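User: I would like to learn how to read burial, strand pairing and packing in a structure like the one shown here. Could you take me through some features one by one?

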Amino acid sequence: RTGLGMENEIVHMQRFCCELTLLLMYLTSWQERRTIGLRRKPHKTDDTLLRRCWKGYDFSVLERLEAQGLICGEGSKKPIVFTDEGERLAIELMKKYVKGTMRPEVLGGLGGFSGAFSLDAIKNMEEPVLLSGTDGCGTKVKLAFLMDKHDTIGIDAVAMCVNDIACAGGEPLFFLDYIACGKNYPEKIASIVKGVAEGCKQSDAALIGGETAEHPGLMPEDEYDLAGFAVGVCDKKEMITGENLKAGDVLIGMASSGVHSNGFSLVRKVFDITKESLDTYYEELGTTLGEALLAPTRIYVKALKSIKNAGVTVKACSHITGGGFYENIPRMLIDGKRAVVEKDSYPVPPIFAMLAKEGDITEEMMYNTFNMGLGMIVAVDPADVDKTMEAITQAGDAPYVVGKIIDGEKGVDLC
């Protein structure tokens, strides 16, 4: 049919059969428990065409499966059987953590094809607006691997999403996580989800679903990546847009817990990141290097809700993430308004001084990469400063008056 001649027909057909067989092996779902018969290699033959067909293929994956007893060698009829035992065990282990995040609006439980959430609670809003956020933890997960500590990295994944929603004036409703791993170790997966659940509890968001995807051959067995997605809501009239920002408004910053989840590519270049170095205690940090760097991202949902409940209108808000002050503060501004931040108006955590010294990083680069001790900044009317400070303190966060809004070209000045 191809018009290539009989010899080429055979070559292309053999190659097609080979690739189809490999494709079936990789796509066979762990959940569906499908069973297929597969020979490890083709029959030995003197036929040059068959040997050419298989030339260049790496059979190491099949050989490892054979060594594990999942398949047998050439000539055997024993099928490959994929099971979901690890996944089922992981789900059982994580159930108790997920249960603690439930809200009355959640419909159903674990195991469905989708998470269901009732909207009855928001139907009384004049003009409800859904807000969404998605993010991950970046290369901070590398530290979790080295320290073999996986129960806080999930807080980071949640924080990066719900803080963005709260920054726009929204209330996070629910969260879904996605874990890609080289191999599903049930206890490790459950530990990761424990952190996700803790982040959800801190932000009053329900963990209504998630996915654990095992990617053998794509990443080392002991490694994983973690990301998430959150949905929130607010009444349109209560959205924080910056449109009423004016000169004289006061900037109030909320203390961060440390580096949070951004800038870790630079962090890992500055420090010799090994298990030994991460376990080293530093007097200036008051803890080990690993504990200081792995400290989970602060979640500011309750602080912003407390400000709202105090009757204060937040005019503008910025979540200080990757890009630091120089990239994130201008995002809260409108044209014709400029932010002025006083660098000595709040305490900068010692981890940043250590980073700057060890990495010989300029001050400008530090403020253009890291949060430098402030994870969230709000702009309020001068008359609301005291109420705002009190509301943030009552929520358990540390507030500082760090600057003001002036007329000028949109941007930020550090002084």
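Analyst: Let us begin with a helix in this predicted model. Helix 13 (residues 350-359) has Ile-351, Phe-352, Met-354 and Leu-355 as its buried residues, where buried means under 20% relative accessible area, exposed over 50% and partly exposed in between, with a 1.4 Å probe and protein chains only. Helices here are DSSP runs of H or I with at least four residues, strands are runs of E with at least two, and both are numbered from the N terminus.

User: How are the buried residues of helix 13 arranged when seen down its axis, and what does the face turned away from them carry?

Analyst: The arc is that of the directions from the helix axis to the C-beta atoms. In helix 13 the buried residues fall within an arc of 160 degrees, so they line one face of the helix. The face turned away from the buried side carries the exposed residues Ala-353 and Lys-357.

User: What do the buried residues of helix 13 pack against, and which residue follows the helix?

Analyst: Packing is read from contacts, and contact means heavy atoms within 4.5 Å. The buried residues of helix 13 pack against helix 8 (264-270), strand 10 (281-282), helix 10 (289-294) and helix 14 (363-367). Asp-360 follows helix 13, and its phi is positive, near 50 degrees.

User: On what conventions do these readings rest?

Analyst: Residues are numbered from 1 along each chain as its sequence is written, and side-chain values use heavy atoms, with hydrogens and water left out. Since the model is predicted, local features need pLDDT of at least 70 and side-chain atom pairs count only at pLDDT 80 or more, whereas totals for chains, interfaces and linings use all residues.

User: How should I read a sheet, and what is the strand order of the one with six strands?

Analyst: Two strands pair if DSSP finds at least two bridges between them. The sheet of six strands is open, with the order 12-14-9-15-13-16 and mixed pairing. Strand 12 (316-319) and strand 16 stand at its edges with a single partner strand each, so one side of each is left without a neighbour in the sheet. Neighbouring strands of this sheet are turned by 25 degrees against each other on average, direction ignored; axes are lines fitted to C-alpha atoms, for helices over the stretch in contact, and angles run from 0 to 180 degrees between N-to-C directions.

User: In which sense do strand 9 and strand 14 pair, and which helices pack on this sheet?

Analyst: Strand 9 (residues 250-255) and strand 14 pair in the antiparallel sense over six bridges, and Gly-253 has Ile-377 in strand 14 as its bridge partner. Helix 6 packs on the sheet by touching strand 12 and strand 14, with a direction at about 170 degrees to that of strand 12. Helix 11 (residues 301-309) also packs on the sheet, touching strand 9, strand 12 and strand 14, and its direction makes about 140 degrees with that of strand 9.

User: How many residues of strand 13 are buried, and which strands does strand 13 join?

Analyst: Five of the five residues of strand 13 (residues 337-341) are buried, so this strand is largely enclosed by the rest of the structure. Lys-337, Ala-339 and Val-341 point one way from strand 13, while Arg-338 and Val-340 point the other way. Strand 13 runs antiparallel to strand 15 (residues 399-407), to which five bridges join it, and Val-341 stands opposite Gly-403 in strand 15. Strand 13 runs parallel to strand 16 (residues 411-414), with four bridges joining the two, and there Val-412 is the bridge partner of Ala-339.

User: Is Gly-375 buried or exposed, and what does Gly-375 touch?

Analyst: Gly-375, which lies in strand 14 (residues 374-380), counts as buried because its relative accessibility is 0%. Not counting residues up to four places away in sequence, Gly-375 touches Met-254, Ala-255, Ser-256, His-260, Tyr-300, Ser-318, His-319 and Ile-320. Gly-375 and Thr-297 are 78 residues apart in sequence, yet 8.5 Å apart in space from C-alpha to C-alpha.

User: What share of the protein's residues is buried, and how many helices and strands are there?

Analyst: Buried residues make up 47% of the 415 residues, and the protein has 15 helices and 16 strands.
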